[in-house]
Amino acid sequence: MRSEVITVRTGSRPVVRDITREAEHFISGENDGLLHVFVPHATAGLAIIETGAGSDDDLLTALDALLPTDDRWQHRHGSPGHGRDHVLPAFVPPYATLPVIGGRLMLGVWQSLCLVDPNGDNPDRQVRFSFLPA
């Protein structure tokens, strides 16, 4: 297995950041196998979603509706409503496993691999790519 950690700048506000190119770069030169992607953070996750047509913003809107940033959360350190960020990985998991065939990610036409980070308190995130050859 080959593994590498990259740093992704997400900034100071909630974001859905497309990391498909970074994943494709990591598997370039490989053949068939599995790409496992992991975000070692308690307040971020990974989603396979269409981007660029509004779905990324729709995901953030849906998360705000499902997990509002108010004072209902028992976990209270950080910015107001930060407790909801710690609940996020139960809904948007911190991992994804993707098939790689002939050195290419087998995503659908409109699918992208995205880092979902609602937590503006941490502007930089680590993402671990691991490739397991067939």
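Let's start with strand β4, residues 45-49. Of its 5 residues, 4 are buried, so the strand is largely enclosed by the rest of the structure. Buried here means under 20% relative accessible area. Keep in mind that this is a predicted model.

What does β4 pair with? Its partner is strand β7, residues 112-117, and 5 bridges join the two. They run antiparallel. For one facing pair, look at Gly45: opposite Gly45 stands Val116 in β7. A general point on strands: in a regular strand, side chains alternate between the two faces of the sheet.

Now step back to the protein chain. How many helices and strands does the protein chain have? It has 3 helices and 8 strands. Read from the N terminus, the order is β-β-α-β-β-α-α-β-β-β-β.

Next, overall size. The chain has 134 residues, and a compact globule of that length would have a radius of gyration near 14 Å. The protein chain has 15 Å, which agrees. Along the principal axes, the C-alpha atoms fill a box of roughly 50 × 30 × 20 Å.

How much of the protein chain is buried? Buried residues make up 40% of the 134. On the outside, the chain exposes about 7300 Å². Carbon and sulfur atoms supply 53% of that area.

Contacts next. Take those in the protein chain with a separation of 6 or more. Residues 24 or more positions apart account for 81% of them.

Then charge. There are 11 positive side chains and 17 negative ones. The centres of the two sets lie 4 Å apart.

Two residues to find on the screen. First, Pro40. Where is Pro40? Look in the loop between β3, residues 33-38, and β4. Is Pro40 buried or partly exposed? Its relative accessible area is 47%, so Pro40 counts as partly exposed. Partly exposed covers the range between the 20% and 50% cut-offs. Now pick out Arg17, which is 23 residues from Pro40 along the chain. The C-alpha atoms of Pro40 and Arg17 are separated by 16 Å.

Second, Leu132. Leu132 lies in strand β8, residues 124-133. Leu132 has a relative accessible area of 45%, so Leu132 is partly exposed. Which residues does Leu132 contact, leaving aside neighbours within four places in sequence? They are Met1, Gly33 and Leu34. Asp56 is 76 residues from Leu132 in sequence. In space, C-alpha to C-alpha, Leu132 and Asp56 are 29 Å apart.

Back to where we began: β4 is largely enclosed, with 4 of its 5 residues buried, and 5 bridges join β4 to β7.

Technical notes:
Residues numbered from 1 in each chain as written. Predicted model: local features only at pLDDT ≥ 70, side-chain atom pairs only at ≥ 80, totals over all residues. Heavy atoms only, no water. Buried < 20%, exposed > 50% of the residue type's maximum accessible area, 1.4 Å probe, protein only. Pairing = 2+ DSSP bridges. Rg over C-alpha atoms; globule rule 2.2 N^0.38 Å. Contact = heavy atoms within 4.5 Å. Areas by Shrake-Rupley, 256 points an atom, 1.4 Å probe, with all protein chains shown as cover. Lys, Arg positive; Asp, Glu negative; His and termini not counted. Charge placed at Lys NZ, Arg CZ, Asp CG, Glu CD.
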